[in-house]
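Visitor: I should like a close look at a single part of this model rather than a survey of the whole. Please choose one element, describe its surroundings, and state the criteria as you proceed.

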Amino acid sequence: MRKYKNLLFAVLISIFLGACSPSIEDPLEWEIEDFTFTNQNNEEFGLTDLEGEVWLADFVFTNCTTVCLPMMSNMTGLQEQLKEQGLDVQIVSFSVDPLFDKPEVLKSYAENYGADLSTWNLLTGYTPQEIDDFAMDNFQTLARKPENDDQVIHGTYFYLVNQEGVIMKSYEGLNPPVEEILADAEILLTED
């Protein structure tokens with residue numbers, strides 16, 4: 001009987017400890033398909049380069065006259081706060097206007113915002129149709145350029161991706177919940 005009490009006690013302790021460990025609330029768990037694009041240094045960069053890394057993703061373009069300006073500013077501020085907290089999180093921005101956003105254009109754009117490009121890759125090197133399909137299939141968001149328009153319709157969310165390339169959460173990029181993003185990133189970084 002004593003043996004069963006000890007076993008029951010051990011099971012209850014493990015359940016209690018498991019319930020106490022923090023985890024992402026309502027995770028999306030959207031798996032990202034493999035990709036290889038071109039970054040701001042004109043180098044190939046893809047999902048395999050992010051293996052084992054926690055990362056934030058968004059969709060922007062350099063000719064944007066509306067939402068990208070605050071999104072870039074917010075992501076740059078978030079990058080600084082992640083560093084201050086000692087959280088090793090990569091950032092990946094997918095250009096939704098790849099015909100205009102060549103690597104050197106993306107690099108200059110990011111530098112104008114004060115982005116630290118050692119942990120931030122801005123990607124291009126695909127067709128407009130490819131990025132629209134990629135954004136919809138993986139991030140469930142638009143990245144569509146209407147005909148005869150220089151602006152692109154795209155989502156304004158920031159996406160938190162785990163070490164296995166799975167999107168765990170999305171956050172509004174125009175007014176991001178910084179403390180929540182920091183807390184969620186820390187949870188992913190401390191998970192086994």
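Guide: Helices (H or I, at least four residues) and strands (E, at least two) are DSSP runs, numbered from the N terminus. The model is predicted, so local features require pLDDT of at least 70 and side-chain atom pairs count only at pLDDT 80 or more, whereas totals for chains, interfaces and linings use all residues. Residues are numbered from 1 along each chain as its sequence is written, and side-chain values use heavy atoms, with hydrogens and water left out.

The part chosen is helix 5, residues 178-190, which lies across strand 4 (54-60), strand 5 (89-95), strand 9 (157-161) and strand 10. The helix runs at about 170° to strand 10, where axes are lines fitted to C-alpha atoms, for helices over the stretch in contact, and angles run from 0 to 180 degrees between N-to-C directions. The expected span of a helix is 1.5 Å times one less than its number of residues. For the 13 residues of helix 5 this gives 18 Å, and the end C-alpha atoms are 18 Å apart, so the two values agree.

Which residues of helix 5 are buried? They are Ile-181, Leu-182, Asp-184, Ala-185, Ile-187 and Leu-188; buried means under 20% relative accessible area, exposed over 50%, and partly exposed in between, with a 1.4 Å probe and protein chains only. An α-helix has 3.6 residues a turn, so residues three or four places apart point the same way. The buried residues of helix 5 pack against strand 4, strand 5, strand 9 and strand 10, and also against helix 2 (68-84); contact means heavy atoms within 4.5 Å.

The sheet comes next. Six strands form an open sheet with mixed pairing, in the order 1-10-9-4-5-6; two strands pair if DSSP finds at least two bridges between them. Strand 1 (30-31) and strand 6 (120-123) stand at the edges with a single partner strand each, so one side of each has no neighbour in the sheet. Strand 10, residues 166-172, pairs with strand 1 in the antiparallel sense over two bridges, and here Trp-30 stands opposite Ile-167. The pairing of strand 10 with strand 9 is also antiparallel, over five bridges. Four residues separate these two strands in their hairpin, where Gly-165 takes a positive phi near 80°. Five of the seven residues of strand 10 are buried, and the strand is mostly covered.

Leu-160, in strand 9, links the sheet to the helix. Its bridge partner in strand 10 is Lys-169. Leu-160 counts as buried because its relative accessibility is 0%. Residues up to four places away in sequence aside, Leu-160 touches Asp-184, Ala-185 and Leu-188, and its other contacts include Val-54, Trp-55, Leu-56 and Ile-24. Leu-160 and Asp-184 are 24 residues apart along the chain, yet their C-alpha atoms are separated by 8.2 Å.

The wider interior gives the setting. The largest nonpolar core has 55 residues, and those with the most contacts inside it are Phe-35, Trp-55, Leu-56, Phe-94 and Phe-139. Such a core is a set of buried Ala, Val, Leu, Ile, Met, Phe, Trp, Tyr and Cys residues joined through side-chain atoms within 4.5 Å. Beyond four places in sequence, Phe-35 is in contact with residues including Trp-55, Phe-94, Leu-123 and Phe-134. In helix 2, one residue to examine is Thr-76, which is buried because its relative accessible area is 5%. Leaving out residues up to four places away, Thr-76 touches Tyr-113, Gly-114, Ala-115 and Trp-120.

For the chain as a whole, there are five helices and ten strands. Buried residues make up 45% of its 192 residues. Of the contacts with a separation of 6 or more, 71% join residues 24 or more positions apart. The mean pLDDT is 91, and 89% of residues reach 70 or more; pLDDT is the predictor's confidence in each residue, from 0 to 100. Over residues 10-20, however, the pLDDT is below 50, and this stretch has zero contacts in the model beyond near neighbours in sequence.
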